[in-house]
Amino acid sequence: MELPGFVPDDLRQLVRFVPTRGWDAVAWRPMLSSLRSLSWRYVSGRGVTRLSRELSPGLQEVELGVPPPDVPPLNALPMGLQRRAAGDRLLSLYFTQWLNPAGVFIDLRSTHFHFRDDRLWFTPNGLWFQVQPDFREGLVGLYRAFYSDDDKALDEALSRMGMLGPELSTEDAEHLKSLLRAHFGMESGAQRFSLDGFKVSFDALFDFFVDHGMTLHSDFVVLGFNLITLYMTLEGLGEAHDVRAISQSVLGD
């Protein structure tokens with residue numbers, strides 16, 4: 001896919017993770033509008049202060065803004081407990097953002113983070129986005145349903161996100177759920193993060209959508225960008241995390 005010239009390099013790097021065939025499943029007009037909004041905010045920095053102010057009260061042991069000069073970046077942390085704690089705080093930030101109707105900071109790459117004394121510092125850039133309420137609330141419901149093994153709530157969440165329509169047979173719907181479990185990393189206990197594994201599951205999801213003639217809203221692609229950067233940073237930290245416990249602590253059962 002040839003991107004418009006206004007798309008900045010940082011955003012282009014994320015767009016490249018969407019498989020070429022996968023663009024056949026994306027609603028183009030909303031996607032171009034989303035790329036235009038993200039690009040303008042990235043260049044201008046507009047809305048970052050306001051969104052930081054909206055998000056901060058819900059965060060635990062995460063500070064938004066520029067850290068003091070003596071707080072080390074993530075890549076300077078020794079392997080072990082500090083890196084695990086930093087990753088735990090990052091996952092908490094990721095889940096907390098989806099509770100915030102004002103918007104989500106998309107770019108969670110490691111260059112935006114510092115860590116000291118069990119506190120994570122996040123300096124966001126202008127890549128932020130406000131997804132549709134049904135999609136955001138559906139995603140929160142999806143995480144709650146996956147981690148509580150509630151199949152009925154899972155169906156309701158997927159329907160709300162526009163991903164489980166009458167065109168799918170029962171068998172196809174179950175296959176989609178298995179692909180989503182792999183894609184979102186729905187494991188219990190300690191989970192390690194692999195960007196290569198994420199890309200395989202991302203490609204498989206888009207293959208499913210294309211094969212079944214489904215059209216995705218741009219919100220799903222923006223979520224993909226967010227997850228890509230999350231996986232990049234957690235893979236770099238190299239530690240295992242109890243994602244189920246962190247998700248349930250933030251989102252509830």
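# Structural report

**Arg 89 and its contacts**

Leaving aside residues up to four places away in sequence, Arg 89 touches Gln 60, Glu 61, Val 62, Phe 115, Asp 118 and Leu 120; contact means heavy atoms within 4.5 Å. This is a predicted model, in which local features need pLDDT of at least 70, side-chain atom pairs count only at pLDDT 80 or more, and totals for chains, interfaces and linings use all residues. Residues are numbered from 1 along each chain as its sequence is written, and side-chain values use heavy atoms, with hydrogens and water left out.

Arg 89 belongs to helix 4. Helices (H or I, at least four residues) and strands (E, at least two) are DSSP runs, numbered from the N terminus. With a relative accessibility of 14%, Arg 89 counts as buried, a term for under 20% relative accessible area, whereas exposed means over 50% and partly exposed lies in between (1.4 Å probe, protein chains only). Two of the residues touched by Arg 89, Glu 61 and Asp 118, fall in loops: Glu 61 between helix 3 (48-55) and strand 1 (62-64), and Asp 118 between strand 3 and strand 4. Glu 61 is partly exposed at 36% relative accessibility, and Asp 118 is likewise partly exposed, at 41%.

**Strand pairing**

Three other contacts of Arg 89, Val 62, Phe 115 and Leu 120, also appear in the pairing of strands. Two strands pair if DSSP finds at least two bridges between them. Strand 1 and strand 4 are joined in the parallel sense by three bridges, and Val 62 stands opposite Leu 120 of strand 4. Strand 3 (residues 113-116) and strand 4 (residues 119-122) run antiparallel and share four bridges. Phe 115 also stands opposite Leu 120, while Phe 113 faces Phe 122 in strand 4. Strands 3 and 4 form a hairpin with two residues between them.

**Positive phi values**

Most residues other than glycine have a negative phi. The table lists residues of this model that have a positive phi.

| Residue | Place | Phi |
|---|---|---|
| Glu 61 | loop between helix 3 and strand 1 | near 60° |
| Asp 117 | turn of the hairpin of strand 3 and strand 4 | about 55° |
| Asp 118 | loop between strand 3 and strand 4 | near 65° |
| Gly 252 | just after helix 10 | about 85° |

**The largest pocket**

Arg 89 and Glu 61 also take part in the lining of the largest pocket, together with Gly 58, Gln 60, Asp 88, Ser 92, Thr 96, Leu 99, Ile 246, Ser 249 and Val 250. On a 1 Å grid over the protein atoms alone, a cavity is a set of points where a 1.4 Å probe fits but cannot get out; a pocket is an open set with protein on both sides within 12 Å along at least five of seven lines, and lining residues have an atom within 4 Å of a point. The space in the largest pocket is about 200 Å³. Helix 4 gives the largest share of this lining, four residues, and both helix 4 and helix 10 supply at least two.

**Helix 10**

Ile 246, a lining residue of the largest pocket, is also one of the buried residues of helix 10 (residues 243-251), which are Val 243, Ile 246, Ser 247 and Leu 251. Viewed down the helix axis, these residues fall within an arc of 105°, so they line one face of helix 10; the arc is that of the directions from the helix axis to the C-beta atoms. They pack against helix 4 (81-97), helix 5 (133-148), strand 6 (190-191) and strand 7 (241-242).

**The cavity and helix 9**

Val 243 helps to line the largest cavity, alongside Leu 91, Tyr 94, Phe 95, Tyr 143, Tyr 147, Phe 184, Phe 193, Leu 227, Leu 230 and Tyr 231. The whole structure holds one cavity of 30 Å³ or more, and about 60 Å³ of space lies in the largest cavity. Helix 4, helix 5 and helix 9 (218-237) each contribute at least two residues to its lining.

Helix 9 also contains Thr 233, which is buried with a relative accessible area of 3%. Apart from residues up to four places away in sequence, Thr 233 touches Leu 74, Leu 90, Leu 108, Arg 109 and Ser 110. Thr 233 and Val 221 lie twelve residues apart along the chain, and their C-alpha atoms are separated by 19 Å.

Conventions
Points joined across faces, edges and corners; volume = space filled by probe spheres on them.
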